[in-house]
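Take a moment to turn the model around on your screen before reading on. We'll walk through it piece by piece, starting with a sheet and ending with some backbone oddities.

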Amino acid sequence: MSSSIRRLLPIFDGIPHYMKQRINRLWKKWKEGAHEVITKYPETMTQRKKLNVLVFIGFLANEQKLNFAKKSDHGGPLGELLQWSDLLATLSIIGHHLEVSTDKESLKSIVWKYMGRGPCQYVNGSRQQLDIIFTDIMGLNILRQRHRQFLMNNRCRIRLLDSFGTHAEFTTKSYFLQNKRKLSGPDSQRNPWGGHGLDLRQHWTFYPHSDDNTFLGFVVDTEGVGENIQKTSTPSALIYGKQKYMWMDAEKPIGILKKLVKVHATVADLEFIPKNSSSLFDDVQNHGFLNSEEISELLDKTTIFFGLGFPLEGPAPLEAMAHGTVFINAKFEELKSRKNYKFLSEKPTLREWTSQNPYMEKIGEPHVITVDINNEEELEKAIKRAIELKVILFSGFNPKFLNFSRNRMYHSIAVLLEKQELCDKISISKRWPPVNEMKIFKTKKPDDSCEMTCHSQNMLCEPSYFPVMNSSPLLTREFSCSELSTDSSPFAPFNCTVQQSASLFSCASRPSPSSGVVRLCPCRDYIPEQHAICKMCL
């Protein structure tokens, strides 16, 4: 472990101001968390190999076109920057050797350095080979275009930051093209963010929304959260929407909110509005763009953090909870997916959003109220309930039970980099998670996924077990088969059918209700605050 921030100073010139600020501001807490994790898991955290890790932030390499870093200082999206900041801090503190690139030229030098090294893994005690490559989908495309041979040599070492995740149906180009009509809606039949052919575990996500993918997450910022949060006596709400377009079509719910509480906003691109004209922003105190510290101060005084339905699955609701604020989570009357919602129409997932943030639904009261904000009666009830709840809200938020603590991030990344083997074929006895932790269940309803089946048993679906379970003797025994067939399908193995294509093993895929499919599902238990690790995996 290495608790000195000096290891990261050489990269500070190449990353956006927001990332530098976040890493610097939280470093004291990062160091404290590192000490706690070493104390709790001494063997896991000390008996590890020092790896060479390349971090290539692809969307920053396209900064001239996207202006992502520039926009982050003026109300632009921060979720990806936040996650990359936390990943860099974690990798540095847990002690690995980092090569960081945010542009195409520095990437080229790193690629040439590792391509030019000989076959020996160690020279003078120093590891010569590249072990892991963290990048995003834009970064993967740059590697494919400019460094194809390097990518081919290191394909299994890729760990792809993929906010919404990827389902099996979209990872293989051929399967998607054969089935694109039934996998798509009216807005698009394209798959621009999928088709990479990676193992689904190589996709590391923002929230733990799919057992197929690996959960990376982020850290809930509790810096500056007091032990006793003092809310103002007058109930108030902060609208979750820092750009004007996010407020579109929200006149009705915001009107109801204004009747009951004082309304605050942090809309960064709000132009001057003449005094005589009526506006959605009448009676709204707009603070404009605020930095992290200023947002924290505002949330400390706010009763309600009010979701308008977009953006989907950002980090802000969890950080608002840290300040004792009730999150009103916008429930969707019609589930949103790539088949009916333009924003999701080209995302490589079949997930169905039940609300603005489905993860927050599971938390519930007193911290979260999920409600249809277009239902006047229900919304009014929810706002009044949130005002009542402020007196019983906890202080000094601890995100440990939510899987968003620093300690969880240290521990899971350290273990996954050490144990999650995707390059070499290894014997069943040496697989991780251990195969003897596998429990097999059958789906009960034809349209159940293996995720749903495992979750009903308070377990997770473990994708690494599929190849072990996909055997003729096991299917014959489970289904009393007289003969077996094979199929390239995201539902196999099912009934008396063996999976033919390893790239289509899927925890998340759901057959149609009329299919008659009964799936076999490989499940395992997990540590409550640490989904990546089963109870006997340490």
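**A sheet and its helices**

Look for an open sheet of six strands, parallel in its pairing and ordered β2-β1-β5-β6-β7-β8. At its edges sit β2 (97–101) and β8 (214–215), each pairing on one side only. A quick word on vocabulary: helices (H or I, at least four residues) and strands (E, at least two) are DSSP runs, numbered from the N terminus, and two strands pair if DSSP finds at least two bridges between them.

Keep in mind that this is a predicted model, where local features need pLDDT of at least 70 and side-chain atom pairs count only at pLDDT 80 or more, while totals for chains, interfaces and linings use all residues. Residues are numbered from 1 along each chain as its sequence is written, and side-chain values use heavy atoms, with hydrogens and water left out.

Now zoom in on one pair of strands. How many bridges join β1 to β2? Five bridges link β1 (residues 52–56) with β2, and the two run parallel. If you'd like to spot one of these partnerships, find F56, whose bridge partner in β2 is S101.

Next come the helices lying across the sheet. Helix α7 (residues 104–115) lies across β1 and β2, running at about 140° to β2. Helix α8 (residues 137–146) lies across β1, β5 (132–136) and β6 (158–161), and runs at about 115° to β5. Those angles run from 0 to 180 degrees between N-to-C directions, with axes being lines fitted to C-alpha atoms, for helices over the stretch in contact; contact means heavy atoms within 4.5 Å.

**Backbone oddities**

Here's a rule of thumb to carry along: most residues other than glycine have a negative phi, and most peptide bonds are trans. So where should you look for something else? Try W432 and P433, where the peptide bond is cis, with omega near -5°. P433 sits in the loop between α17 (406–419) and β16 (439–442). Another cis peptide bond joins A492 and P493, with omega about 5°, and P493 is in the loop between β18 (485–487) and β19 (497–499).

Phi has its surprises too. D249 is not a glycine, yet its phi is positive, near 65°. You'll find D249 in the loop between β9 (236–240) and α12 (251–260). Is D249 buried or exposed? D249 counts as exposed because its relative accessibility is 66%; exposed means over 50% relative accessible area, buried under 20%, and partly exposed in between (1.4 Å probe, protein chains only). N458 also has a positive phi, near 60°, in the loop between α18 (450–455) and β17 (460–461). N458 is exposed, with a relative accessible area of 63%.
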